[in-house]
Amino acid sequence: MVLLVQDATRYFVSSEGSRLVDSRPLIRVLALGTRAPSMAWNWRGPETFDASTFDKLAPEQVIAAKIEKIAQDLQKLKKAPVVEPFNGPALLSGRAAAVFFP
């Protein structure tokens, strides 16, 4: 699990005298994956919780429930058999196709 607290402030000043200040605070709680005994990564899509202040972050019970679900899914992945490589036709559409055919 990762906790990221960031307060990014951007400044813009033009030669005409315009001045802009943009402040974007970010609090992010991120839960990812684990390594299997074979040292391969077992991924289960990350759960991300974002807010601009701590009081706007999801309740602790919600975050804990999501993390528990990730742990259960990863335990199942750990026990799952390794899939054999596939060599054959595939239909790709949308964003998935862009990965192979930029």
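What pattern does the protein chain follow when read along the sequence? The answer is β-β-β-β-β-α-α, and what you're looking at is a predicted model. In total, the protein chain holds five strands and two helices. Here's a quick tour, starting with the whole chain and then moving to a few spots worth finding on screen.

**The chain as a whole**
- The protein chain has 102 residues, and 18% of them count as buried.
- Its accessible surface adds up to about 8700 Å², and carbon and sulfur atoms account for 60% of that surface.
- Take the contacts in the protein chain with a separation of 6 or more: 39% of them come from residues 24 or more positions apart.

**Strand S5 and its partner**
- Strand S5 covers residues 47-51 and has two faces.
- On the covered face of S5 you'll find Glu 47, Phe 49 and Ala 51, while Thr 48 and Asp 50 sit on the uncovered one.
- S5 is joined to strand S2 (residues 19-31) by five bridges, and the two run antiparallel.
- To see the pairing up close, look for Ala 51 in S5, with Ile 27 standing opposite.

**A nonpolar patch on the surface**
- Val 2, Leu 4 and Leu 32 together make a nonpolar surface patch of about 200 Å².
- Leu 4, one of these three, belongs to strand S1, which spans residues 2-13.
- Is Leu 4 buried, partly exposed or exposed? Its relative accessibility is 33%, so Leu 4 counts as partly exposed; that label goes to values between the 20% and 50% cut-offs.

Note on methods: Residues are numbered from 1 along each chain as its sequence is written. This is a predicted model: local features need pLDDT of at least 70, side-chain atom pairs count only at pLDDT 80 or more; totals for chains, interfaces and linings use all residues. Side-chain values use heavy atoms; hydrogens and water are left out. Buried means under 20% relative accessible area, exposed over 50%, partly exposed in between (1.4 Å probe, protein chains only). Helices (H or I, at least four residues) and strands (E, at least two) are DSSP runs, numbered from the N terminus. Two strands pair if DSSP finds at least two bridges between them. Patches are made of residues with over 30% relative accessible area and no salt bridge: like charges are joined within 9 Å, nonpolar side chains (Val, Leu, Ile, Met, Phe, Trp, Tyr) within 5 Å. Accessible areas come from the Shrake-Rupley method with a 1.4 Å probe; for residues, only the protein chains shown count as cover. A salt bridge is a side-chain nitrogen of Lys or Arg within 4 Å of a carboxyl oxygen of Asp or Glu. Contact means heavy atoms within 4.5 Å.
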